[in-house]
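Open the model in your viewer and keep the selection tool at hand. We will go from stop to stop, and at each one you select something and look at what is there.

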Amino acid sequence: MHQPAPDTGPRHRTIEAPPGRLHLVEQGAGPLVLLVHGFPESWYSWRHQLPALAAAGYRAVALDVRGYGRSSRPAAVDAYRMLDLVEDNVALVHALGEEKAVVVGHDWGAGIAATSALLHPEVFRAVGLLSVPYAPPGGPRPTELFARMGGDEEFHVSYFQEPGRAEAEVEPDVRGWLAGFYAALSADTMPAPGEPDPHFVVRAGGRLRDRFPVGTLPGWLTEDDLDVYAGEFERTGMTGALNRYRSMDRDWEDLAPYAGAPIEQPSLFIGGSLDASTTWMADTIEAHGTTLPGLSSSHVLDGCGHWIQQERPDEVNRLLTTWLASLDG
């Protein structure tokens, strides 16, 4: 166990990076742990992990992924390809004066973290994946795969593909939309089994929010928390965040040389039993013995939804710090 330095609380910084700038929040001192958020979130998604990791003797750093928050938002859709996001992570590690880091991601951040570890094992010595398991590159073209998923309805990933379409739904009422989206994927507020699935849209003029819970916040999300998220997206708009979805086919092409490649470094997976990412990708989790040969810890939290490190912060913090301690022996 590392001896923690006196904790001065979270510190905001902006560093020069490939898109122009990356905003980050860091806390603690010791081995570097880079925390990568997903959609539609920000560094704030790790607010419960920063002090816990700092107290355990780590330098915890949560960034705003490019396109989000106070980080740069390039205009071009292809500026959000996975290769560029990986290089952002490498640049961040070096800008912090470090050579190596453990990278931990949630949702899209899990994909960014996994690809960072795959492409740069010399930098990322271990990888933690929250909510979304590791699926090696390859397989069908993503937009074709997702187009087949909906049947008579349209999968949300397909709905997000056309520039401006989802923005037109979200941006007139960012706060209300985010509240509904967070509630739709949270264990205590998600639609009951058998109710219309909020991951899908009715094809004839439907909107995602038509299936969101209304007038209720999940237990993990306070009005003040929602203000933080909404304030950022009201300022930035949604395009930078949505461009990650619009770059999936580019990723498929870029990463073709790594088709089927395992991640060899020590790894961790934590999912929620009520999260569609866990249930739909059960076969992917089952394959982790082959795709993540360094997997040292795998957990599915009973009764937990998608926003795992916010829904179950104490449990996730315990699993993270126990795993991190095992890496350093």
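Start with S5, helix H3 (residues 108-119) and S6: together they make a right-handed β-α-β unit. Keep in mind that this is a predicted model.

**Stop 1: strand S5**

Select residues 101-106, which are strand S5. Are its residues buried or exposed? Six of the six are buried, so the strand is largely enclosed by the rest of the structure. Now look at the side chains. Ala-101, Val-103 and Gly-105 point one way. Val-102, Val-104 and His-106 point the other way.

Next, add strand S6, residues 124-130. S5 and S6 pair in the parallel sense over six bridges. Click on Val-102, and then on its bridge partner in S6, Ala-126.

Turn to another partner of S5. Select strand S3, residues 32-36. S3 and S5 are also paired in the parallel sense, over four bridges. Here Val-33 stands opposite Val-102 of S5. Val-36 of S3 has Gly-105 as its bridge partner in S5.

**Stop 2: strand S3**

Stay on S3. How many of its residues are buried? Five of the five are, so S3 is largely enclosed by the rest of the structure. Both of its faces are covered. Leu-32, Leu-34 and Val-36 lie on one side, with Val-33 and Leu-35 on the other.

Now select strand S4, residues 59-63. S3 and S4 run parallel and are joined by five bridges. Show two of the pairs. Val-33 has Ala-60 as its bridge partner in S4, and Leu-34 has Val-61.

Add helix H1, residues 49-55. S3, H1 and S4 make a right-handed β-α-β unit.

**Stop 3: the whole sheet**

Zoom out and colour the strands. Which order do they follow across the sheet? Eight strands form an open sheet in the order S1-S2-S4-S3-S5-S6-S9-S10. The pairing in this sheet is mixed. Select S1 (11-17) and S10 (295-301), which stand at the edges. Each has a single partner strand, so one side of each is left without a neighbour in the sheet. Rotate the view to see the twist: neighbouring strands are turned by 20 degrees against each other on average, direction ignored.

**Stop 4: two helix pairs**

Select helix H2 (residues 82-95) together with H3. Their axes are 9 Å apart, and the helices pack at an angle of about 75 degrees. H2 and H3 are therefore roughly perpendicular to each other. Show the side chains where they meet. From H2, pick Met-82, Leu-83, Leu-85, Val-86 and Asn-89. Facing them in H3 are Trp-108, Gly-111, Ile-112, Thr-115, Ser-116 and Leu-119.

Now move to helix H7 (residues 174-184) and helix H8 (residues 223-236). Their axes come within 9 Å and cross at roughly 125 degrees. H7 and H8 are therefore oblique to each other. Their crossing is right-handed. On the H7 side, the contact is made by Val-174, Arg-175, Leu-178, Ala-179 and Tyr-182. H8 contributes residues including Leu-226, Tyr-229, Ala-230 and Phe-233.

**Stop 5: three spots in the loops**

One rule helps here. Most residues other than glycine have a negative phi, and most peptide bonds are trans. The next three spots are worth checking against that rule.

Find the loop between S3 and H1, and select Pro-40 in it. The peptide bond from Phe-39 to Pro-40 is cis, with omega near -15 degrees.

Go on to the loop between S5 and H3, where you will find Asp-107. What is the sign of its phi? The value is positive, about 60 degrees, although Asp-107 is not a glycine. Buried means under 20% relative accessible area. At 12% relative accessibility, Asp-107 therefore counts as buried.

Finish at Ser-131, in the loop between S6 and helix H4 (142-149). Its phi is near 80 degrees, a positive value in a residue other than glycine. At 0% relative accessibility, Ser-131 counts as buried.

How values were computed
Residues numbered from 1 in each chain as written. Predicted model: local features only at pLDDT ≥ 70, side-chain atom pairs only at ≥ 80, totals over all residues. Heavy atoms only, no water. Buried < 20%, exposed > 50% of the residue type's maximum accessible area, 1.4 Å probe, protein only. Pairing = 2+ DSSP bridges. Right-handed = clockwise from strand over helix to strand, strands pointing away. Axes fitted to C-alpha atoms, helices over the stretch in contact; angles between N-to-C directions. Parallel < 35°, antiparallel > 145°, perpendicular 65-115°, else oblique. Left-handed = near helix turned anticlockwise from the far one by under 90°. Contact = heavy atoms within 4.5 Å.
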